[in-house]
Amino acid sequence: MNNDLKIILGDYESFVQSHTTEINEKEVIYYITLKRTIISCPECGSRMNIKDYRKCKVIHNMIRGKNTSLILKKRRLVCPQCNKVVTEENPFTEKSHSRLSQTSEMEIMNKLKEPTTTFSLVARFFNTSPTKVVEIFDKYGQMRRQPLPEIICIDEKHWKHKGQNRYMCVILNFKTTEIVDIIDGRTKKAWSSYTQIIDKKRTR
């Protein structure tokens with residue numbers, strides 16, 4: 001197994017039965033057949049048979065200046081007794097339907113730390129969509145809300161974005177003038193939704 005693939009697989013090397021590599025001008029593709037991990041039916045316990053194979057593409061971060069993809073050959077298994085069909089899990093992503101490896105998601109978050117970068121620039125760099133980059137940022141980058149101070153100030157502010165709400169509601173600490181939180185929207189509904197999730201034990 002070459003060194004680049006070892007870097008990609010890491011602890012997941014034990015899941016791989018076989019692999020081949022394809023290199024072209026734009027990307028490196030690793031075709032990987034996973035080891036069989038499902039033997040017994042989760043419903044009735046009978047031994048499962050291989051029904052067919054399905055291919056799943058996972059985008060990985062760049063290696064040696066080229067986009068890198070994993071084409072996983074996953075088995076679908078069927079139980080001869082109860083007809084239960086099960087697909088092998090994808091060990092490289094957090095969710096089975098995800099198309100970005102967990103390593104790529106962490107690399108995207110690191111890239112977003114650069115002060116001059118944007119969601120669109122990061123999306124192009126990792127060969128994915130800006131929507132996906134925003135989704136990853138929301139997944140890992142959300143900060144816990146600060147406790148509400150004894151006295152707060154509330155003000156509205158217009159902001160330039162293409163979302164549903166053109167105004168935000170800013171909550172300030174009356175004594176220190178520090179920003180405590182920002183609500184997307186200035187309507188009664190937005191405020192009501194916000195107050196419903198406040199943990200009363202964390203107010204001060």
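**Exercise 1. In β7, which residue is the bridge partner of lysine 157?**

Step 1: Remember that you're looking at a predicted model. Start with the strands: β6 and β7 run antiparallel and are joined by seven bridges.

Step 2: Find lysine 157 and look across to β7. Its bridge partner there is methionine 168.

**Exercise 2. Work out how β7 pairs with β8, and what sits in the turn.**

Step 1: Count the bridges. There are five between β7 and β8, and the pairing is antiparallel.

Step 2: Pick out one facing pair: isoleucine 183 in β8 has cysteine 169 opposite it.

Step 3: Now follow the chain around. The two strands make a hairpin, with five residues between them. In that turn, threonine 177 has a positive phi of about 65°.

Step 4: Check how β7 is placed. Of its seven residues, five are buried, so β7 is largely enclosed by the rest of the structure.

**Exercise 3. Take the salt bridge between glutamate 150 and lysine 175, and decide whether each partner is buried or exposed.**

Step 1: Look at the distance. The closest N and O atoms of glutamate 150 and lysine 175 are 3.5 Å apart, and the cut-off for a salt bridge is 4 Å.

Step 2: Place the partners. Glutamate 150 is in the loop between α4 and β6, while lysine 175 is in the loop between β7 and β8, so the bridge ties together parts 25 residues apart in sequence.

Step 3: Use the accessibility cut-off, where exposed means over 50%. Glutamate 150 comes out at 65%, so it's exposed. Lysine 175 has 59%, so it's exposed too.

**Exercise 4. Do the same for arginine 76 and aspartate 52.**

Step 1: These two form a salt bridge, with their closest N and O atoms 2.9 Å apart.

Step 2: Arginine 76 belongs to strand β4 and aspartate 52 to strand β3, so the pair links distant parts of the chain, 24 residues apart.

Step 3: Buried means under 20%. Arginine 76 has 17%, so it's buried. Aspartate 52 has 23%, so it counts as partly exposed.

**Exercise 5. Which residue forms a salt bridge with glutamate 88, and what does the pair tie together?**

Step 1: The partner is arginine 75, and the closest N and O atoms are 2.9 Å apart.

Step 2: Glutamate 88 lies in the loop between β5 and α2, and arginine 75 in strand β4, so parts 13 residues apart in sequence are tied together.

Step 3: Both glutamate 88 and arginine 75 are buried.

Step 4: To finish, put this pair in context: the whole structure has seven salt bridges.

Notes:
Residues numbered from 1 in each chain as written. Predicted model: local features only at pLDDT ≥ 70, side-chain atom pairs only at ≥ 80, totals over all residues. Heavy atoms only, no water. Salt bridge = Lys/Arg side-chain N within 4 Å of Asp/Glu carboxyl O. Helix = DSSP H or I, 4+ residues; strand = E, 2+ residues; numbered from the N terminus. Buried < 20%, exposed > 50% of the residue type's maximum accessible area, 1.4 Å probe, protein only. Pairing = 2+ DSSP bridges.
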